[in-house]
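Visitor: I would like to go through this structure with you, beginning with its cysteines and moving on to its sheets and its overall build. Could you take each point slowly and give the reasoning along with the result?

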Amino acid sequence: MQHFTTVNPGSTAGIPTDTATIAEVMANAGYDAHAIGKWHVGSSSPKQIPTGRGFLSYLGYLQGQTDYYNHSIPTCGPGMCLYRANCEKFAGDKRTCVETDPSPYGVGAAGYDLWQDSSPFIDAFGEYSVDKYQERFTQLVQNAELAKKPLFVYFAQQLLHLPLQLPPESKHAEACRGVTGGTEQVNRTVLCAMASRLDQAVGDVVDSLKAAGLWNNTVVWAISDNGGMVHFQDGFPASASSNWPLRGSKATLFEGGVRSVSFLFGGALPPQARGTQSSSLIHVSDVLPTIASGIAGIAEGDLPNNLDGFNVWEEVIMSGAVNARVASKRNEIPLNIAINRDLNFAGVPNPFVVNASQANYTALIRWPWKLILGTPHFVNPGLDKLGGWWTVENYTYIPPPGHDADELVFLFNLETDETEHENVAKDYPDVVANMTKRVYRRWLSKENGYRPPQLNIPRPRGNPKLHNWTWAPFVF
């Protein structure tokens with residue numbers, strides 16, 4: 001979708017209808033596909049939510065984050081409202097909200113966002129969401145064993161996403177008593193307790209599969225969507241993660257933001273793959289063809305013809321036997337591709353901005369080189385602590401070299417400098433020139449698939465106040 005930001009609450013943006021979901025692909029091969037947890041790829045219409053995109057059932061939240069207990073997102077934050085209609089009283093400036101409409105689901109005129117299939121799951125209000133997700137997963141695997149049908153589950157765990165909230169069991173906080181850092185608002189001890197609960201959640205998945213008799217026929221692929229968010233400020237969207245020794249954070253184009261953790265397990269994982277590591281370049285777009293063809297056995301010719309990814313199953317499972325870098329189907333990964341015209345939170349192209357057609361907030365890896373064009377930060381780099389290194393011990397920020405703040409071109413050799421300490425753009429002008437041409441001619445080319453961002457503004461009809469205080473679909 002190439003948004004500068006993620007899908008805003010109340011927006012009509014979402015997965016394009018000409019792009020198949022993994023559920024639609026797996027369903028065509030005879031699998032029962034179900035979704036649990038975070039969605040956040042469009043929810044303005046019943047056709048955009050999971051049950052409208054190929055999943056037989058869904059339990060989770062449609063927006064980018066939600067309270068772990070109240071399952072709500074405020075429509076009004078400190079001083080401002082996403083929807084002015086939800087403010088009962090403004091200050092003298094007529095902009096600052098000092099009193100919001102009351103909502104049954106929380107302060108700030110909160111909208112409820114926990115869904116069971118296509119209906120709000122109101123009965124779960126006040127219950128810890130992670131427990132509800134596990135209950136649903138256990139039910140799915142038990143039903144699959146009874147039905148003797150192949151099962152695909154997209155399980156997008158809410159942990160460790162904001163808001164930082166302690167799990168209900170005290171043992172997780174006790175396990176993290178020695179982990180400190182951050183502040184009262186952004187607390188590293190709480191984040192650690194959430195990580196402890198996530199560890200238990202992975203174990204619960206294993207236990208459920210074994211109890212249902214499905215373990216020996218199952219492969220689980222665990223993937224993180226980005227690096228951790230760091231404590232660059234007090235309050236949203238800061239968290240208390242560390243990506244050490246990698247540089248940067250979620251919302252940056254440095255390795256700490258874009259290199260994610262991934263692992264596979266399960267009784268059906270081939271023996272030769274167990275205990276091995278792969279250094280192949282793998283992109284998120286490779287997940288669908290790898291699961292569909294590599295694991296489920298769907299012929300690659302039967303997959304949608306507009307997929308960007310590769311089936312990388314063979315190089316993953318053979319990584320212990322061959323040089324995976326040589327065997328990799330990829331030598332290139334576009335990390336983010338955008339031009340100044342398209343870089344705004346509303347998704348409204350602005351052809352009048354300075355250097356409208358110039359690449360910005362853009363990064364490309366062509367192994368071993370990594371090129372960043374323009375700002376590497378999601379927010380103003382002069383106001384944050386996103387672009388350096390956050391340590392694990394003592395949770396301390398180490399800033400980058402002072403001259404980095406003035407750089408608009410970065411080049412790193414990831415083979416020798418994966419922590420991105422040395423910007424060698426001036427030493428290798430030919431590499432910069434060739435990779436920049438690649439960005440413009442391949443990745444910014446309309447003929448090769450570049451699309452302007454979708455309109456990404458909260459629509460009046462999306463106001464939860466109009467839907468019994470729920471973040472409900474509103475386009476029918």
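Visitor: What is the handedness of the disulfide of Cys176 and Cys192?

Guide: Please keep in mind throughout that this is a predicted model. The sulfur atoms of Cys176 and Cys192 lie 2.1 Å apart, which means the pair falls within the 2.5 Å that defines a disulfide. Because the torsion about the S-S bond is about -75 degrees, the disulfide of Cys176 and Cys192 is left-handed.

Visitor: Where in the chain do Cys176 and Cys192 sit, and how many residues apart are they?

Guide: Cys176 belongs to the loop between helix 3 (170-175) and helix 4 (188-211), whereas Cys192 is in helix 4 itself. The disulfide therefore links distant parts of the chain, and the separation of Cys176 and Cys192 is 16 residues.

Visitor: Is Cys192 buried or partly exposed?

Guide: The cut-off for a buried residue is a relative accessible area under 20%. Cys176, at 2%, is therefore buried. Cys192 has a relative accessible area of 21%, and so Cys192 is partly exposed.

Visitor: What handedness does the disulfide of Cys87 and Cys97 have?

Guide: Cys87 is joined to Cys97 with a distance of 2.2 Å from S to S. Cys87 lies in strand 6 (residues 87-90) and Cys97 in strand 7 (residues 97-100), 10 residues apart, and both cysteines are buried. Since the torsion about their S-S bond is about 105 degrees, the disulfide of Cys87 and Cys97 is right-handed.

Visitor: How many disulfides are there in total, and in what order are the bonded cysteines paired?

Guide: Besides the two pairs already discussed, Cys76 and Cys81 form a disulfide with sulfur atoms 2.0 Å apart; both of these residues are buried, and their link, with 105 degrees about the S-S bond, is right-handed. The count comes to 3 disulfides. When the bonded cysteines are numbered in sequence order, the pairing is 1-2, 3-4, 5-6.

Visitor: Turning to the sheets, which strands are the edges of the sheet with the order 10-9-2-1-11?

Guide: This is an open sheet of 5 strands with mixed pairing. An edge strand pairs on one side only, and that description applies to strand 10 (119-120) and strand 11 (151-156).

Visitor: Which helix packs on that sheet, and what angle does its direction make with that of strand 11?

Guide: The helix in question is helix 2 (residues 129-147), which touches strand 1 (32-38), strand 2 (57-61) and strand 11. Its direction, compared with that of strand 11, gives an angle of about 175 degrees.

Visitor: Within the same sheet, which residue of strand 10 is the bridge partner of Trp115?

Guide: Strand 9 (residues 115-116) is paired with strand 10 in the antiparallel sense, over 2 bridges. Trp115 has its bridge partner in strand 10, namely Pro120.

Visitor: In the sheet with the order 14-15-16-19, how many bridges join strand 15 to strand 16?

Guide: This open sheet has 4 strands and antiparallel pairing, with strand 14 (332-336) and strand 19 (409-413) as its edges. From one strand to the next the twist averages 15 degrees. Strand 15 (residues 362-366) and strand 16 (residues 369-373) run antiparallel, with Arg366 and Trp369 as one of the bridged pairs, and the number of bridges joining these two strands is 5.

Visitor: Where is Leu162 found, and is Leu162 buried or exposed?

Guide: Leu162 is found in the loop between strand 11 and helix 3. Leaving aside neighbours within four places in sequence, its contacts include Gln65, Tyr68, Phe236 and Pro237. At 12% relative accessibility, which is under the 20% cut-off, Leu162 therefore counts as buried.

Visitor: Finally, what is the radius of gyration of the chain?

Guide: The chain has 9 helices and 19 strands, and its C-alpha trace spans about 65 × 60 × 50 Å along the principal axes. Buried residues make up 48% of the 476 residues, and of the contacts between residues at least 6 apart in sequence, 67% join residues at least 24 apart. The globule rule gives 23 Å for 476 residues, and the chain comes close to this, so it is as compact as a globular protein of that length, with a radius of gyration of 23 Å.

Terms used. Residues are numbered from 1 along each chain as its sequence is written. This is a predicted model: local features need pLDDT of at least 70, side-chain atom pairs count only at pLDDT 80 or more; totals for chains, interfaces and linings use all residues. Side-chain values use heavy atoms; hydrogens and water are left out. Two strands pair if DSSP finds at least two bridges between them. Contact means heavy atoms within 4.5 Å. Axes are lines fitted to C-alpha atoms, for helices over the stretch in contact, and angles run from 0 to 180 degrees between N-to-C directions. The radius of gyration is taken over C-alpha atoms; the globule rule is 2.2 Å times the number of residues to the power 0.38. Buried means under 20% relative accessible area, exposed over 50%, partly exposed in between (1.4 Å probe, protein chains only).
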